[in-house]
Structure formats: C-alpha cells, structure tokens
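Subject: A structure for you to look at

Hello,

Here is the structure I promised to pass on to you. Please have it open while you read, as the notes below are meant to be followed alongside it.

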Amino acid sequence: MPGEDNGFHPSCKCSSQPRTIPVDDLNTPLAAELFSEQEISLRRRLATLYRIVDLFGWTQGIYNHITVRVSSDKKEFLLNPFGLHYNEITAGSLVKVTEDGSIVNDGSTRLGISKAGYMLHSAIHAARPEIQCVIHVHTPAGAAVAAHASGLLPISQEALIVGGVSYHDYRGIFIDDSEREEIAKDLGPKNMVMVLRNHGLVAMGRSVEEALHYLYNLMKSCETQVLAVNSGDARAGLTLPGKSISDQVFQTVTRGGGGVSSGSWGVGELEFEAHVRELERRGCNTGLMLRTTHLLDGGLCQDRTL
C-alpha cells in the first residue's frame, strides 16, 4: 500500500518478500550418480538444519558452522561453503571434507571452506566418533554466558536439560592445529554441550535432531541467564535446584519425545519435525520424508476425529 513502511530505505526497490531458495536441489540424475541415497538424505537434513537455525535468528552472517558425519565407517563430514548465508544453503551446496582438511566434494558453489570452522568441528568429530552432528553458534546471549566466570548456571529447566557442560579457554581464532588436542581434552567423553570462553557455544548429538535439541535448550538457558543475572555476583538472589532434581530432568528428557511423549520418538525428533513443517509452509521444500506429513495443512490422522 502507498506509504506503508516495509522496513527498507525509501530509495530501495527490493521486495519485502525475498525469494525462498529451496533446500532440496538433489532430485536429479546427476546427484544420484555423485552421492549415495544415505548421503543425499544427510545433505537434505543438514541443509534443513541450517534453515532452522536461521529461522530462530541464531546466525552471524556467513560465519559459524554445522557439520554432519557422512557415515560411521568414513572419516568424512559435510559443512557449509564459506560465503553463504544460512538461508542460501542447499543440500547440493554442502562441502564434503576429510578430518585432515582435504576436500572430497566442493559442492555447487566453489566457495571452499573456513579453516577455523574445519579446525573446531574436525577436532570434535575425531575425538567423539559417536557424534554425528556438531553445531557452533555465536549469539549475544551465548557470548555473554561464555564470558562470565561462572559459565552456564543451572537456574532454568532448559539449563538442566542440556546436562553436563564442558569449557574451552579462548586462544584466538582457530588456526593452530595444536589446539585440536586441547579441544578434544576439554570436551571430554560424555558432554553434549561446550562453552567456548569469550567466544560462543557448541552443541552436538548422535543425530541431527539430538544436536538441535541440545542447541535449542542451550540457547534458551543462556537467554534466561542473561535476564536473571546482574553484573555483580552471578549467583546472588538466585535459586539453584539440587543435584537429584537436575539428574531427574536430564534423564527424563533424554528418553525422547520431550520426556513426555508416548510415541516412539528419539531425542529431538518430534521437535525437529515441527520445525521442518514450518519451513515447508514457508516454501523451503526440504525434500525430507516426515512422519507427520498429515499435519502440514493442520490436518488429523485419517482414522481420528474430534
């Protein structure tokens, strides 16, 4: 409408409704020749995860990374080409690299990768073979918690859900190979969350869905902590649940389905499908097979009536 403020400078002729780039660009004969069915599925799932992170506003321009291990028997993983916004990443644009940094497939953009991103993620994948997906983000709330001496405090349910937290001291941009060993040592054998001091956050999982589960709750716990903690004594005036309560929350939620679903959902799977449905409604065309496709238009199972 004339005079309506669309958020752009008056001289800008750009549409306020940008074109959505489909996630799935691998439904072609060439893709079937280049990649196995398993890798095509992983590429779609990882590219979808980039869009979900973008949907929540947890991006920092072209920076940060999410990786997925290609298979348990290969030391290869997929990550974003360095130079794309998260809302531009597609299944075919992802770059496949080895743990030593060699590019196996450079994707559709020819942009290459960030050495700093490769360093952090390859160190984690090498140290923890059971981890399939690693997410690294910088957000103001995450950076604030990472800068605080007390780290992440167990003051919210979301903080209890993430369980144990590892910490790695800041040593500048990740460019020194020797830091890989320190990252692995600081991460340890069990935790799914790591705070990079004065830097940002890392969440991981044995699946894409589980990694997003930990990231989501980590982000919410950081945002809550920033609101609750003043600049003085971090613990002053705050109530902290006891260890038995903390353990109960973590153990309940790690059963899957948010800890309350009676269905056969793994950790983060039910939530992941809800986020994918939102992307599908926005025209992202993820190419993923959903167990809840009937809900895309707000429908019910055919055998259920109200």
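What follows is a short tour of what was found in it.

Please keep in mind that this is a predicted model.

**The chain as a whole**

The chain has 306 residues, and 46% of them count as buried. Its secondary structure comes to nine helices and eight strands. If you look at contacts with a separation of 6 or more, 62% of them join residues 24 or more positions apart.

**The core**

A good place to start is the largest nonpolar core, which has 67 residues. Ile66, Ile124 and Leu215 are the ones with the most contacts inside this core. To see what surrounds one of them, click on Leu215: leaving out residues up to four places away in sequence, Leu215 touches Val53, Trp58, Ile135, Val137 and Ala203.

**Strand E3 and its partners**

Next, go to strand E3, residues 95-98. In a regular strand, side chains alternate between the two faces of the sheet. Both faces of E3 are covered, with Val95 and Val97 buried on one side and Lys96 and Thr98 buried on the other.

E3 has a partner in strand E2 (residues 74-79), which runs antiparallel to E3 and is joined to it by four bridges. In that pairing, Leu79 stands opposite Val95. Strand E4 (residues 103-105) also runs antiparallel to E3, with two bridges between them, and here Val97 stands opposite Ile103. The hairpin of E3 and E4 has four residues between the strands, and Gly101 in this hairpin takes a positive phi near 95°.

**Two asparagines with positive phi**

Most residues other than glycine have a negative phi. Asn64 has a positive phi near 75°. You will find Asn64 in the loop between helix H2 (37-55) and strand E1 (65-71), and Asn64 counts as buried because its relative accessibility is 4%, under the 20% cut-off. Asn198 also has a positive value, with phi near 55°. Asn198 sits in the loop between strand E7 (193-196) and strand E8 (200-205).

**Three buried residues to visit**

Arg43 is found in helix H2. At 0% relative accessibility, Arg43 counts as buried. Beyond its neighbours within four places in sequence, Arg43 is in contact with Leu26, Phe35, Leu78, Ala91, Gly92, Leu94, Lys96 and Asn105. You have met Lys96 already, as one of the buried residues of E3.

Glu209 lies in helix H7 (residues 208-228) and is buried too, at 10% relative accessibility. Apart from residues up to four places away in sequence, Glu209 touches Arg45, Val267, Gly268, Glu269 and Phe272. With Glu269, the separation is 60 residues in sequence but 5.3 Å in space, C-alpha to C-alpha.

Thr292 lies in the segment after helix H9 (269-281). Thr292 is buried, with a relative accessible area of 7%. Setting aside residues up to four places away in sequence, Thr292 touches Trp265, Glu273 and Arg277.

**A pocket and a cavity**

Rolling a probe the size of a water molecule over the atoms shows where empty space is left. The second largest pocket has a volume of about 280 Å³. Its lining is made up of 16 residues, and Tyr63, Ala116, His138, Ile173 and His199 lie nearest the centre. Which helix gives the largest share of the lining of this pocket? That is helix H3 (residues 115-127), with three residues. By class, the lining of this pocket has seven nonpolar residues, nine polar and no charged.

The structure also holds one cavity of 30 Å³ or more, and about 30 Å³ of space lies in the largest cavity. The residues that line this cavity are His168, Asp169, Tyr170, Arg171, Gly172, Phe174, Glu179, Leu196, Arg197 and His199. They divide into three nonpolar, three polar and four charged residues. His199 appears in the lining of the second largest pocket and in that of the largest cavity.

I hope you enjoy looking around.

Best wishes

Key. Residues are numbered from 1 along each chain as its sequence is written. This is a predicted model: local features need pLDDT of at least 70, side-chain atom pairs count only at pLDDT 80 or more; totals for chains, interfaces and linings use all residues. Side-chain values use heavy atoms; hydrogens and water are left out. A nonpolar core is a set of buried Ala, Val, Leu, Ile, Met, Phe, Trp, Tyr and Cys residues joined through side-chain atoms within 4.5 Å. Buried means under 20% relative accessible area, exposed over 50%, partly exposed in between (1.4 Å probe, protein chains only). Contact means heavy atoms within 4.5 Å. On a 1 Å grid over the protein atoms alone, a cavity is a set of points where a 1.4 Å probe fits but cannot get out, and a pocket is an open set with protein on both sides within 12 Å along at least five of seven lines; lining residues have an atom within 4 Å of a point. Grid points are joined across faces, edges and corners, and a volume is the space filled by probe spheres set on the points. Ala, Val, Leu, Ile, Met, Phe, Trp, Tyr, Cys and Pro count as nonpolar, Asp, Glu, Lys and Arg as charged, and the others, Gly among them, as polar. Two strands pair if DSSP finds at least two bridges between them.
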